[in-house]
Amino acid sequence: MTTLRERMIKDMQLRGFSISTQKIYVYLIACLAKHYNLSPDKITGKEVQNYILFLMNKRKLHWSSVNQATCALPFFYGQTLQRSDIILSIPKRKTPKQLPEILSTEELERFFAVTQNRKHRAMFMTAYAAGLRVSEVVRLKVTDIDSSRMMIQIKKGKGQRDRYSILSAKLLKELRTYWEQYKPKEWLFPSYKQGYPLGKTTPQIIFMNSKKKAGITKKVSFHTLRHCFATHLLETGVNIRTIQILMGHSTIRTTSIYLHVARKNLTATQSPLELLDIPDIKLVKKI
């Protein structure tokens, strides 16, 4: 598969796919080839369909994992092999619209309070205060913190897009205290391996430990801090267009999901039942 792999990687590079997406797509095509013990260009459309069913029914993968496969397969067969016949055999999967769970301000206060490690706390506060993904947090450099403009520069975020987010005065104070203790040089949150940033897995594990210590039972992850940023801004009256820019969403449709979870917008809405004048039911004595 070496030649095909190179062709596929070049096709993804031409379209600006991130390194992580390239690795995932190549891996998924390799899994297909391994399943049939055939080069993927020898696999038929029917076999591709059966493989998707295998992932769903036999391996019982989560919809997001199957969805990744149904994105990688059309790209490989459509762009790299130019096999439109196989593209037509791959069904488009509907993405379930699941609303994210949001932590209250009280839960966040508990969460930050139990995180005693200065580096870990600074990392979590940065994600929440600026609405960053875990991949964006670990790739921050010391020079990305612009205290003169009170901005944080995020370079090559999702979709390889650069953007700016806000730098909270409280976060700046926390980061300065953290810097005094750890003295990071290039990467803001460096790995224990010198010269490298922290990996994405470590923050996830640390988050789950702090969540448990804080007694939080909601099904949340590191990414929840980003959801909380958007939701809490919306609840304080920040314009959704501004939130879209800060989050780095390509369309406002993605940002609009937070309209469904913002408590202020929901609780301030009056039910139409309140508009009806309904007489009370008189109690009737049973004979």
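Is Leu259 buried, exposed or partly exposed? At 40% relative accessibility, Leu259 counts as partly exposed. The residue lies in the loop between helix 13 (252-255) and helix 14 (263-267). Its C-alpha atom is separated by 9.2 Å from that of Glu235, and the two residues are 24 apart along the chain.

Now the whole protein. Please keep in mind that this is a predicted model. The secondary structure comes to 14 helices and three strands. Of the 287 residues, 39% are buried. The protein exposes about 18,200 Å², and carbon and sulfur atoms supply 55% of that area. Look at contacts between residues at least 6 apart in sequence: 60% of them join residues at least 24 apart.

Next, the sheet. The three strands form an open sheet with the order 1-2-3, and the pairing is antiparallel. Strand 1 (145-146) and strand 3 (163-166) are the edge strands, since each pairs on one side only. Two bridges join strand 1 to strand 2. Strand 2, residues 151-154, pairs with strand 3 over four bridges.

Here are some of the bridge partners. Ile145 is matched with Ile152 in strand 2. Ile152 also has a partner in strand 3, and that is Ser165. Ile154 has Arg163 as its bridge partner in strand 3. One more point on the hairpin of strand 1 and strand 2: there are four residues between the strands, and Met150 takes a positive phi near 55°.

Which other residues have a positive phi without being glycine? Asn37 is one of them, with a phi of about 55°. Gln82 is another, also at about 55°. As background, most residues other than glycine have a negative phi. Asn37 is placed in the loop between helix 2 (19-36) and helix 3 (45-58). Gln82 is found in the loop between helix 4 (63-80) and helix 5 (84-89). Asn37 is exposed, with a relative accessible area of 69%. Gln82 is exposed too, with 58%.

On to the interior. The largest nonpolar core has 47 residues. Which of them touch the most other members? They are Met123, Phe124, Ile152, Leu175, Phe189 and Phe222. Several elements each supply at least two residues of this core, among them helix 6 (105-114), helix 8 (134-138), strand 2, helix 9 (169-182) and helix 12 (240-247). Helix 7 gives the most, with seven residues. Helix 7 spans residues 118-130.

Take Leu175 as a close-up. Leaving out residues up to four places away in sequence, Leu175 touches Ala122, Thr126, Ile145, Leu167, Leu188 and Phe189. Another core lies apart from the largest one. This other core has 23 residues, including Met12, Val26, Leu55 and Phe75.

Now the aromatics. A search of the whole structure finds 14 aromatic pairs. Start with Phe17 and Tyr25: the ring centres are 5.8 Å apart and the planes stand at 90°, so the pair is edge-to-face. Phe17 counts as partly exposed, at 25% relative accessibility. Tyr25 is buried, with a relative accessible area of 13%.

How do the rings of Phe207 and Phe222 pair? The centres are 6.3 Å apart and the planes are at 55°, so this pair is tilted. Phe207 and Phe222 are 15 residues apart, and the pair links distant parts of the chain. Phe207 sits in helix 10 (residues 201-213), while Phe222 is in the loop between helix 10 and helix 11 (224-235). Both Phe207 and Phe222 are buried. They belong to one aromatic cluster with Phe111, Phe112, Phe124 and Tyr128. Two members of that cluster, Phe124 and Phe222, came up a moment ago among the core residues that touch the most other members.

Last stop: charges over rings. The charged end of Lys141 sits over the ring of Trp187, at 5.1 Å from the ring centre. The charged end of Lys193 sits over the ring of Tyr196, and here the distance to the centre is 4.7 Å.

Notes:
Residues are numbered from 1 along each chain as its sequence is written. This is a predicted model: local features need pLDDT of at least 70, side-chain atom pairs count only at pLDDT 80 or more; totals for chains, interfaces and linings use all residues. Side-chain values use heavy atoms; hydrogens and water are left out. Rings of Phe, Tyr and Trp (its six-membered ring) pair if their centres lie within 6.5 Å; planes under 30 degrees apart count as stacked, over 60 as edge-to-face and the rest as tilted. Buried means under 20% relative accessible area, exposed over 50%, partly exposed in between (1.4 Å probe, protein chains only). A charge sits over a ring if NZ of Lys or CZ of Arg is within 6 Å of the ring centre and within 35 degrees of the ring normal. Contact means heavy atoms within 4.5 Å. Accessible areas come from the Shrake-Rupley method with a 1.4 Å probe; for residues, only the protein chains shown count as cover. Two strands pair if DSSP finds at least two bridges between them. A nonpolar core is a set of buried Ala, Val, Leu, Ile, Met, Phe, Trp, Tyr and Cys residues joined through side-chain atoms within 4.5 Å.
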